[in-house]
Amino acid sequence: MANGGPVKHGYPHLETVRAAVTALYKRLSYDTIHTFATSVVPADVAFCDTDDLYLGAQRVARELVRHFRLPDARMIVSFREMEHAASVELAAGPEYFIELNDRFRTHRRDIGAALAHEVMHVYLHRLDLAFPGTRDNEILTDTATTYLGAGWLLLDAYREDASSSQKLGYLTPEEFGYVLAKRSLVFGEDPAVWFTSPQAYTAYTKGMERARQDERQPPLTAAGWAGRRRYAKDRRHAQDRVVAAVPADAGASYAFTPDGSGPLRVSFPCPTCHQRIRVPVRGRVRARCGLCRTVLECDT
């Protein structure tokens, strides 16, 4: 939790975020992912200063448990002085003990954001889905919270001005915006109308720009002129060296590989779930991602 300190920006964790999206699709399946097409709405996690602190926190926790479909999980919420925003005791259940930073006693509108991250820890624990290392596992948790419909709360808790700052979670504001944009492009849901923080809205628009770039990478037909020209150059180079895999120039996400006596093939990440797709190099090709079922128009 950044509380008055500097807030990191940009996309330093982007590869881990993309790996987390792929892991979600692999562990949950396309059908389960699409049961989360509707996000938590503000009215369900609203928390005003006149609400009883403990009863209100329990109510919001129950709503998040309902959203993540954990019907036999009970969250017991308490408050104490601590360095981080919150923590949860992961055990066999059905009761899980969540501790929130004392700061939330007076910043109640952000309680939903802190609880969303901790309830997701319980959800992933029950799925037995984890990344090695604390840092990567927390990035997985932030990404899953956001992609499955509650992470807009974490981004909305980001506020920054000349004299103060607050940010929850391990992702940067722009990375939260990127995952939200990925979700929006899949489900057609615009979370921008829910933001109370202008900085959160700005981060979301930047994340959307970055997410759109994923849809404009060659060999996709939506790639721009510069990308297509670079791709053609790399393809010629690969066709001259068909005996071994040929990586593309630095910065390109695609790679060429021979296929025995068959045609040269190109592999590239799906712009939706980031699983790599491999198709023959033979001009216009329509590919369908086997993981997220996205249909992709390619010019190989």
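Helices, labelled H, are DSSP runs of H or I with at least four residues, strands, labelled E, are runs of at least two, and both are numbered from the N terminus. With that naming in place, good morning, and thank you for coming. The structure I will present today is a predicted model.

I begin with two points in the backbone. Pro219 lies in the loop that runs between H9 and helix H10, residues 225-240. The peptide bond joining Pro218 and Pro219 is cis, with omega at about 10°. The second point is Ser29, whose place is in the loop between H1 and helix H2, residues 30-33. Ser29 is a residue other than glycine, yet its phi is positive, near 85°.

That loop leads us back to H1 itself. Two packed helices are described by the angle between their axes and the distance between the axes. Helix H1 covers residues 14-28 and helix H8 covers residues 173-187; their axes come within 10 Å and cross at roughly 35°. The crossing in which H1 passes H8 is right-handed. On the H1 side, Leu14, Val17, Arg18 and Tyr25 make the contact, and on the H8 side the residues are Glu175, Tyr178, Val179 and Val186. Sorted by class, this contact of H1 with H8 has six nonpolar and two charged residues, with no polar ones.

Arg18 now takes us to a pocket. Which residues lie nearest the centre of the second largest pocket? They are Arg18, Asp214, Ser253, Pro269 and His274, out of 18 residues that line this pocket. Its volume is about 340 Å³. At least two lining residues come from each of H1, helix H9 (198-214) and strand E9 (265-269). H1 gives the largest share of the lining, namely four residues. By class, the lining of the second largest pocket comprises eight nonpolar, five polar and five charged residues.

Let me follow strand E9 from the pocket to its partners. On one hand, E9 pairs with strand E8, residues 255-257, in the antiparallel sense over three bridges. In that pairing, Phe256 stands opposite Val266 in E9. On the other hand, E9 is joined by five bridges to strand E10, residues 276-280, and these two strands run antiparallel. Val266 appears here again, with Val279 as its bridge partner in E10. Ser267 has Arg278 as its bridge partner in E10. The hairpin of E9 and E10 has six residues between the strands, and in this hairpin His274 takes a positive phi near 75°. His274 is also one of the residues nearest the centre of the second largest pocket.

My last topic is an open sheet of three strands. In what order do its strands stand? The order is E2-E4-E3, and the pairing is mixed. Strand E2 (74-80) and strand E3 (86-89) stand at the edges with a single partner strand each, so each has one side without a neighbour in the sheet. On average, and with direction ignored, neighbouring strands of this sheet are turned by 20° against each other. Helix H5, residues 111-127, packs on the sheet and touches E2, E3 and E4. The direction of H5 makes about 145° with that of E4.

The mixed pairing can be followed strand by strand. E2 and E4 pair in the parallel sense, over seven bridges. E3 and strand E4, residues 95-101, pair in the antiparallel sense over four bridges. Leu100 in E4 is a useful landmark for anyone viewing the model: Phe79 stands opposite Leu100, and Ala86 stands opposite Leu100 as well. The bridge partner of Ser87 in E4 is Glu99. As a general point, side chains in a regular strand alternate between the two faces of the sheet. Finally, the hairpin of E3 and E4 has five residues between the strands, and Gly93 in this hairpin takes a positive phi near 80°.

Thank you for your attention; I am glad to take comments.

Technical notes:
Residues are numbered from 1 along each chain as its sequence is written. This is a predicted model: local features need pLDDT of at least 70, side-chain atom pairs count only at pLDDT 80 or more; totals for chains, interfaces and linings use all residues. Side-chain values use heavy atoms; hydrogens and water are left out. Axes are lines fitted to C-alpha atoms, for helices over the stretch in contact, and angles run from 0 to 180 degrees between N-to-C directions. A crossing is left-handed if the near helix is turned anticlockwise from the far one by less than a right angle, and right-handed if clockwise. Contact means heavy atoms within 4.5 Å. Ala, Val, Leu, Ile, Met, Phe, Trp, Tyr, Cys and Pro count as nonpolar, Asp, Glu, Lys and Arg as charged, and the others, Gly among them, as polar. On a 1 Å grid over the protein atoms alone, a cavity is a set of points where a 1.4 Å probe fits but cannot get out, and a pocket is an open set with protein on both sides within 12 Å along at least five of seven lines; lining residues have an atom within 4 Å of a point. Grid points are joined across faces, edges and corners, and a volume is the space filled by probe spheres set on the points. Two strands pair if DSSP finds at least two bridges between them.
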